[in-house]
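The following exercises concern helix packing, nonpolar cores and individual residue environments. Each task is followed by a worked solution.

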Amino acid sequence: MTEFSAAQWATIFNQLDADPDGFGVPRRRTQSVVLASWNIRKFGSLTNSKNEPSRSDGAWRLIERFCRACDFIAIQEVMDSLECLRHLRDRLGDDYRVVVSDIAGGVPGRSG
């Protein structure tokens with residue numbers, strides 16, 4: 001896994017704080033609902049095949065920050081393990097809930 005250094009993550013978050021619009025982070029507004037549909041790459045197990053974390057803390061902080069800007073988030077194509085989804089929900093706290101559906105779009109003889 002390629003990893004940003006602590007200094008690089010600090011730069012990313014400083015730039016994000018200065019210009020959230022430049023990163024595409026939605027803004028919450030009165031009387032509006034912010035919806036997001038997101039396919040997070042390899043969102044499944046908390047560890048990879050080498051038993052290393054599948055995501056750095058900086059990556060988790062970035063995902064969490066984006067999710068907090070939204071009212072509803074559809075995370076698509078979650079892998080077989082729901083560990084990452086549960087971990088994200090735990091990071092977001094009790095104001096957030098998770099609804100999970102089974103595989104969609106399957107055809108006889110093939111997975112969706």
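**Exercise 1. Identify the residues in contact with Ile75, leaving aside its neighbours within four places in sequence, and place Ile75 in a core.**

Solution. The structure is a predicted model.

Step 1. Once the neighbours within four places in sequence are left aside, the contacts of Ile75 are Trp38, Ile40, Phe43, Leu85 and Leu88.

Step 2. Ile75 belongs to the largest nonpolar core, which has 11 residues in all. The other members are Ile40, Phe43, Trp60, Ile63, Cys67, Cys84, Leu85, Leu88, Leu92 and Tyr96.

Step 3. Two elements, H2 and helix H3 (83–92), give two or more residues to this core. H3 supplies the largest share, four residues.

Step 4. Another core, of seven residues, lies apart from this one; Ile12, Phe13, Ala59 and Ala69 are among its members.

**Exercise 2. Determine how helix H1 and helix H2 pack, in terms of angle and axes, handedness of crossing and contact residues.**

Solution.

Step 1. Helix H1 spans residues 6–18 and helix H2 spans residues 57–68. They pack at an angle of about 15°, and their axes are 10 Å apart.

Step 2. Angles under 35 degrees count as roughly parallel, so H1 is roughly parallel to H2.

Step 3. The crossing of the two helices, H1 and H2, is left-handed.

Step 4. H1 contributes Trp9, Phe13, Leu16 and Asp17 to the contact, while H2 contributes Gly58, Ala59, Arg61, Leu62 and Arg65.

Step 5. Sorted by class, the contact of H1 with H2 holds five nonpolar, one polar and three charged residues.

**Exercise 3. Is Glu64 buried or exposed, and which residues is Glu64 in contact with beyond its neighbours within four places in sequence?**

Solution.

Step 1. Glu64 is located in helix H2.

Step 2. The relative accessible area of Glu64 is 15%. Buried means under 20%, therefore Glu64 is buried.

Step 3. With neighbours within four places in sequence left aside, Glu64 is in contact with Leu88, Arg91 and Leu92.

**Exercise 4. Describe the environment of Arg68, including its accessibility and its contacts.**

Solution.

Step 1. Arg68 also has its place in helix H2.

Step 2. Its relative accessible area is 36%. Partly exposed covers values between 20% and 50%, so Arg68 is partly exposed.

Step 3. Arg68 and Pro26 are 42 residues apart along the chain, and their C-alpha atoms are separated by 9.7 Å.

Step 4. Leaving aside neighbours within four places in sequence, Arg68 is in contact with Arg28, Arg91, Leu92 and Tyr96.

Terms used:
Residues numbered from 1 in each chain as written. Predicted model: local features only at pLDDT ≥ 70, side-chain atom pairs only at ≥ 80, totals over all residues. Heavy atoms only, no water. Axes fitted to C-alpha atoms, helices over the stretch in contact; angles between N-to-C directions. Parallel < 35°, antiparallel > 145°, perpendicular 65-115°, else oblique. Left-handed = near helix turned anticlockwise from the far one by under 90°. Contact = heavy atoms within 4.5 Å. Nonpolar A, V, L, I, M, F, W, Y, C, P; charged D, E, K, R; others polar. Buried < 20%, exposed > 50% of the residue type's maximum accessible area, 1.4 Å probe, protein only. Core = buried A, V, L, I, M, F, W, Y, C linked by side-chain atoms within 4.5 Å.
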